[in-house]
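Let's walk through this one together, starting with how the copies relate and then working inward. Keep the 3D view open as you read.

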4 protein chains.
Amino acid sequence: MTRKIGVIGMGSVGSTVAHYIVSGGFADDLVLIDVNEKKVKADALDFEDAMANLPTHTNIAVNDYSELADADIVISAVGKLQLQRDNPSNDRFIEYPFTQKAAAAVAGKIKDSGFNGILIVITNPVDAITSIYQAVTGLPKNHVIGTGTLLDSSRMKRAVAKKLHIDPRSVSGYNLVEHGNSQFTAWSTVRVLGKPITELADKEGIDLDKIDEDARMGGFVVFRGKGYTNYAIASAAVRLADVVLNDARTELPVSNYREELGAYLSYPAIVGRDGIVQQLQLDLTDEELDKLQNCATIINEKFEESKAKDFAVE
Amino acid sequence: MTRKIGVIGMGSVGSTVAHYIVSGGFADDLVLIDVNEKKVKADALDFEDAMANLPTHTNIAVNDYSELADADIVISAVGKLQLQRDNPSNDRFIEYPFTQKAAAAVAGKIKDSGFNGILIVITNPVDAITSIYQAVTGLPKNHVIGTGTLLDSSRMKRAVAKKLHIDPRSVSGYNLVEHGNSQFTAWSTVRVLGKPITELADKEGIDLDKIDEDARMGGFVVFRGKGYTNYAIASAAVRLADVVLNDARTELPVSNYREELGAYLSYPAIVGRDGIVQQLQLDLTDEELDKLQNCATIINEKFEESKAKDFAVE
Amino acid sequence: MTRKIGVIGMGSVGSTVAHYIVSGGFADDLVLIDVNEKKVKADALDFEDAMANLPTHTNIAVNDYSELADADIVISAVGKLQLQRDNPSNDRFIEYPFTQKAAAAVAGKIKDSGFNGILIVITNPVDAITSIYQAVTGLPKNHVIGTGTLLDSSRMKRAVAKKLHIDPRSVSGYNLVEHGNSQFTAWSTVRVLGKPITELADKEGIDLDKIDEDARMGGFVVFRGKGYTNYAIASAAVRLADVVLNDARTELPVSNYREELGAYLSYPAIVGRDGIVQQLQLDLTDEELDKLQNCATIINEKFEESKAKDFAVE
Amino acid sequence: MTRKIGVIGMGSVGSTVAHYIVSGGFADDLVLIDVNEKKVKADALDFEDAMANLPTHTNIAVNDYSELADADIVISAVGKLQLQRDNPSNDRFIEYPFTQKAAAAVAGKIKDSGFNGILIVITNPVDAITSIYQAVTGLPKNHVIGTGTLLDSSRMKRAVAKKLHIDPRSVSGYNLVEHGNSQFTAWSTVRVLGKPITELADKEGIDLDKIDEDARMGGFVVFRGKGYTNYAIASAAVRLADVVLNDARTELPVSNYREELGAYLSYPAIVGRDGIVQQLQLDLTDEELDKLQNCATIINEKFEESKAKDFAVE
């Protein structure tokens with residue numbers, strides 16, 4: 001009788017996710033949670049003041065973890081962007097010392113609420129943090145999903161589309177593995193104008209390395225320009241949530257647990273009401289497979305490190 | 001063949017307006033303008049990075065006034081919130097020394113672009129600034145509209161609806177005159193549950209003064225909680241724009257020029273593709289009429305003052 | 001985790017309801033039921049063939065009552081329009097001999113499925129049929145709702161709006177009691193341009209009787225023109241369903257059980273997830289109250305008659 | 001300032017197209033035209049009666065060709081389904097003797113109106129009829145587009161998706177050439193689960209011929225089940241129209257004029273505000289190229305035949 005979504009962390013990302021949910025009518029009940037009570041109450045009131053002018057209605061609850069017990073989806077947008085702002089390295093692991101603890105704490109509260117829906121993680125570094133959320137909540141691995149390279153793939157599509165002057169939705173293919181610096185565009189998977197892009201690139205002199213750089217660094221361009229990124233990640237997260245609610249069984253490159261690599265990392269999967277319902281097996285090139293393995297190792301090390309030191313997992 | 005909207009001023013309000021336009025598919029072409037080029041380019045890129053995950057497509061141009069020549073609607077969200085943040089007085093005229101000059105300058109550029117669509121003004125103090133925009137652009141008075149108390153009316157509806165535990169869209173009635181401190185809820189116009197609210201209030205002991213205060217101060221509660229207000233005003237502005245594009249001829253309490261009062265102020269009007277297409281004549285109480293006249297005088301003085309000193313109108 | 005809607009009766013109304021649900025994304029799971037298996041399967045396949053070109057996904061099940069067990073809403077669009085087509089009397093009771101039996105049979109199957117959500121009835125004569133559905137299913141009275149004069153009110157709004165050249169959504173007020181020939185526009189409730197319409201009508205010579213006739217006969221004009229009516233009723237029914245799913249607590253003139261009149265009839269109520277959550281008490285004129293009472297009597301007699309003869313209620 | 005769409009032919013397809021436009025808010029102004037004036041007026045009134053319950057407003061004009069002068073898009077849904085119903089052959093050319101004349105007549109009136117937007121043709125046999133519309137109106141070839149195999153491709157995607165239990169939007173690839181019996185799925189273009197479907201089919205024993213048959217015959221299954229098909233074609237046509245209005249530059253398999261084949265036939269193209277803005281060059285197999293050439297020849301012969309006999313082209 002309801003689509004109930006919780007959003008935890010009402011910074012620039014979480015509040016934009018909530019705005020898109022409210023203005024687009026993606027939920028019937030929305031639970032907003034933040035440690036800054038003044039901020040989250042201000043956002044909630046602002047949304048409620050919007051509703052007389054919206055075609056759809058959303059009921060909003062604030063800072064009540066017990067409301068998550070019957071939520072369908074919880075989205076974690078916890079973060080501390082100041083750590084990124086203070087740092088010139090363009091490395092999402094800068095936030096890790098903070099977010100690993102914050103995520104473990106939040107995950108504990110989610111678990112205590114009795115939540116047993118699908119948990120969507122935006123918090124960076126997303127793959128390691130998704131692991132933490134899964135470990136602490138004890139939810140099935142296929143019920144905990146990171147937005148991962150769904151965002152980077154859309155940046156790659158934007159870059160390719162702009163170069164060819166076409167709709168980004170008419171570009172297919174994926175950025176893989178880490179929503180972070182070891183990520184890469186798997187060019188062998190990218191198709192456009194009815195052809196593999198590698199073929200087009202050869203013929204028409206398109207510089208794929210430049211597009212790859214553009215996709216990987218796009219987030220930092222936005223970040224340096226305004227001190228945060230929010231619109232693209234909100235679209236990615238809400239699309240993922242909607243696919244789950246619809247049980248659409250859509251193929252999306254999101255961070256999911258790959259047994260054979262022993263890690264959460266971004267790889268296309270079929271997503272539905274039961275979370276990750278099928279995992280794809282791409283025919284990658286040897287070079288792409290090497291990158292994949294290296295990246296999985298890095299993510300795993302980070303996760304193991306944090307597991308040892310910063311949060312308790314039975 | 002197109003719905004083309006320009007948004008000028010990409011602060012917290014303007015960028016949220018733009019986000020709602022992009023995510024809701026309210027325009028085909030969008031022109032974003034801001035003096036902070038890094039910020040507006042970051043927002044534009046962020047929107048483009050969202051598009052692979054959106055059901056609708058929007059073409060975006062940045063910082064090019066000439067693009068406004070064939071725009072259908074321009075929305076002014078120019079402002080300097082720091083002035084509000086530095087000031088404890090809850091008075092929107094705090095921004096006036098800055099915004100009157102900024103608006104006159106922007107209006108000049110809009111005029112030079114050849115724009116001849118509908119101009120929607122959010123910039124505060126909205127009634128005086130709407131006058132300035134009209135005077136400088138020379139657009140017909142019914143083609144320049146301030147969002148005015150459309151926002152305050154939705155805050156009043158939220159407050160009434162919460163008290164009665166009903167949908168804010170099931171409350172009718174208006175806040176009038178100034179989107180500022182002299183505004184008031186015209187309780188004689190408010191109806192709910194099939195009755196005038198004044199009748200219900202008497203019977204069931206509902207404190208209308210408290211609700212009025214809540215509506216008038218709601219924006220400042222949000223403002224003090226997060227340093228800006230954006231979601232409710234974005235819904236109001238985009239709804240107004242959409243009503244114009246649809247030629248829906250919807251009744252909305254917005255800031256429009258009332259000949260008999262010689263001022264822009266908020267009063268319900270029928271809004272369509274030709275802007276303000278009809279003005280209502282409410283049966284207000286004497287007390288309400290007094291408030292209306294006083295408020296018109298205040299707005300007019302402010303406008304005349306700025307006209308004399310701060311911008312050139314032939 | 002889901003919005004699940006069942007539609008029973010896939011004639012011109014039911015299939016249009018289903019189309020609006022699918023194309024507008026109002027449900028995640030949709031159950032379509034009709035005695036004409038070829039027809040309902042053809043519609044289901046047609047919807048599935050649409051989905052690659054839609055922004056939203058809907059899962060469809062066909063002719064399986066057991067799927068209703070966990071549905072949130074069931075919409076009854078059962079009917080036999082041929083009875084109307086063969087008859088020049090413009091009387092919705094023409095269908096009653098057929099629909100009372102059909103409704104009782106369908107209601108029995110709904111009950112057997114274990115359904116315990118909100119039941120929305122479109123089938124005509126809607127007030128009497130809503131009574132039958134409630135009696136046979138044994139669902140709480142506030143969980144069985146007829147679309148009633150929500151449709152007639154929108155026809156009245158269209159007629160008023162056209163006369164005044166404004167948006168029908170800017171007309172407030174209700175048609176009451178029976179979605180049938182004894183219905184009437186309660187002009188004392190209709191407001192437009194900030195005034196009671198009775199006041200405007202006097203001043204500007206608007207003929208309310210003509211508009212009333214237009215609203216009451218509008219459906220038959222459409223019916224005679226194409227042999228059925230479907231678009232307006234589909235909008236009304238889906239809006240009602242969405243208000244329930246959103247728990248929006250919206251005021252709507254729908255057929256609900258009025259204890260003091262002992263009958264289902266259309267009268268504005270607040271509608272939310274728990275069905276009818278509050279009933280309005282209008283200040284009607286004496287003439288309107290007389291009409292209300294007469295109509296309630298007629299509806300009740302019809303229902304009692306059918307109860308005695310055509311279906312078994314313990 | 002407007003998105004204005006004309007729909008000509010208000011049978012089961014045209015009226016469903018119009019309903020999707022109205023309920024989805026895809027146009028601001030809508031012009032409905034049909035030789036059966038009672039029917040088109042009934043539909044228009046039915047839409048207007050819906051509007052009080054819709055979130056969006058659409059202005060409707062009826063049977064006035066002069067309204068097309070400034071329309072952005074005209075959609076031809078002219079047809080005579082009775083010819084199909086009377087005929088067991090599953091051949092869309094059954095309608096040709098009627099539709100070629102009707103299309104030529106309508107095209108003449110469109111031309112006389114001064115229309116110079118994008119013309120979208122649904123009328124069957126769609127490729128030959130699109131040729132006629134282009135020839136008679138004299139519009140640029142890239143401004144006249146048939147829905148073609150956009151529909152058949154979505155049927156193919158549905159069939160593939162159902163087999164694999166995934167979202168049809170996660171299947172890419174095309175049905176080509178004729179929206180008719182000589183069409184075929186170009187399996188070399190179909191990809192799913194990150195692989196060419198031909199590879200998956202081999203491994204997992206998926207019978208592509210069966211899916212191809214299912215896609216090609218899907219329309220007739222629906223047709224035999226209810227006497228018409230409307231929902232899937234409406235989604236395809238409105239999506240195409242929206243892509244044009246948005247200037248989205250989306251890749252779609254639609255009927256467009258291929259110079260090298262001298263015919264209108266379905267082949268993927270990039271579609272935007274200027275109609276067909278780029279044509280793809282697929283790497284088809286030799287077998288697929290043969291089918292393509294044969295089909296082009298058939299379409300051309302039909303068109304030339306009708307050109308000689310049934311309508312005057314200078």
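**From the copies down to the domains**

Lay chain A on chain D and the fit has an RMSD of 0.0 Å, reached by a turn of 180° and a shift of 0.0 Å along the axis. The two copies are thus related as by a two-fold rotation axis. Bear in mind that this is a predicted model. If you want to find the axis from chain A, go to A:Pro55: of the residues of that chain, A:Pro55 comes closest to the axis, with its C-alpha at 2.8 Å. Chains A and D also share their contact surface: 100% of the interface residues of chain A are interface residues in chain D too, so the copies meet through the same surface.

Now turn to where chain A meets chain B. Each side puts in 45 residues, 45 from chain A and 45 from chain B. About 4,100 Å² is buried between chain A and chain B, and carbon and sulfur atoms give 55% of that area. There's plenty of charge pairing to look for here, with 10 salt bridges counted between chain A and chain B. One to pick out is A:Arg155 with B:Asp49, whose side chains meet at 3.1 Å, N to O. Polar contacts across this interface come to 26 residue pairs, both partners at pLDDT 80 or more.

Which parts of chain A make up its side of this contact? Helix 1 (12-24), helix 2 (37-50), helix 6 (150-164), helix 8 (208-226) and helix 9 (231-246) each supply at least two residues. Helix 2 of chain A gives the most, with 10 residues. By class, the side of chain A that touches chain B divides into 17 nonpolar, 13 polar and 15 charged residues.

Next, look inside chain A, which is divided into domain 1 (4-146) and domain 2 (149-307). Their centres, taken over C-alpha atoms, are 22 Å apart. The contact between them takes 41 residues from domain 1 and 40 residues from domain 2. Here the buried area is about 3,500 Å², and carbon and sulfur atoms give 67% of it. How many salt bridges link the two domains of chain A? The count is zero, while eight residue pairs are in polar contact, both at pLDDT 80 or more.

On the domain 1 side, the elements that each supply at least two residues include helix 1, strand 4 (73-76), helix 4 (96-113) and helix 5 (126-137) of chain A. Helix 5 gives the most, with eight residues. That side has 21 nonpolar, 14 polar and six charged residues.

Methods: Residues are numbered from 1 along each chain as its sequence is written. Chains are lettered from A and ligands numbered from 1 in the order in which they are written. This is a predicted model: local features need pLDDT of at least 70, side-chain atom pairs count only at pLDDT 80 or more; totals for chains, interfaces and linings use all residues. Side-chain values use heavy atoms; hydrogens and water are left out. Contact means heavy atoms within 4.5 Å. Buried area is the accessible area (1.4 Å probe) that two parts lose on being put together, summed over both. A salt bridge is a side-chain nitrogen of Lys or Arg within 4 Å of a carboxyl oxygen of Asp or Glu. A polar contact is a pair of N or O atoms within 3.5 Å; within protein, one must be able to donate a hydrogen and the other to accept it, and residues adjacent in sequence count only if both atoms are side-chain atoms. Helices (H or I, at least four residues) and strands (E, at least two) are DSSP runs, numbered from the N terminus. Ala, Val, Leu, Ile, Met, Phe, Trp, Tyr, Cys and Pro count as nonpolar, Asp, Glu, Lys and Arg as charged, and the others, Gly among them, as polar. Copies are superposed by least squares on the C-alpha atoms of residues with pLDDT of at least 70 in both. Domain bounds come from an automatic or database domain assignment.
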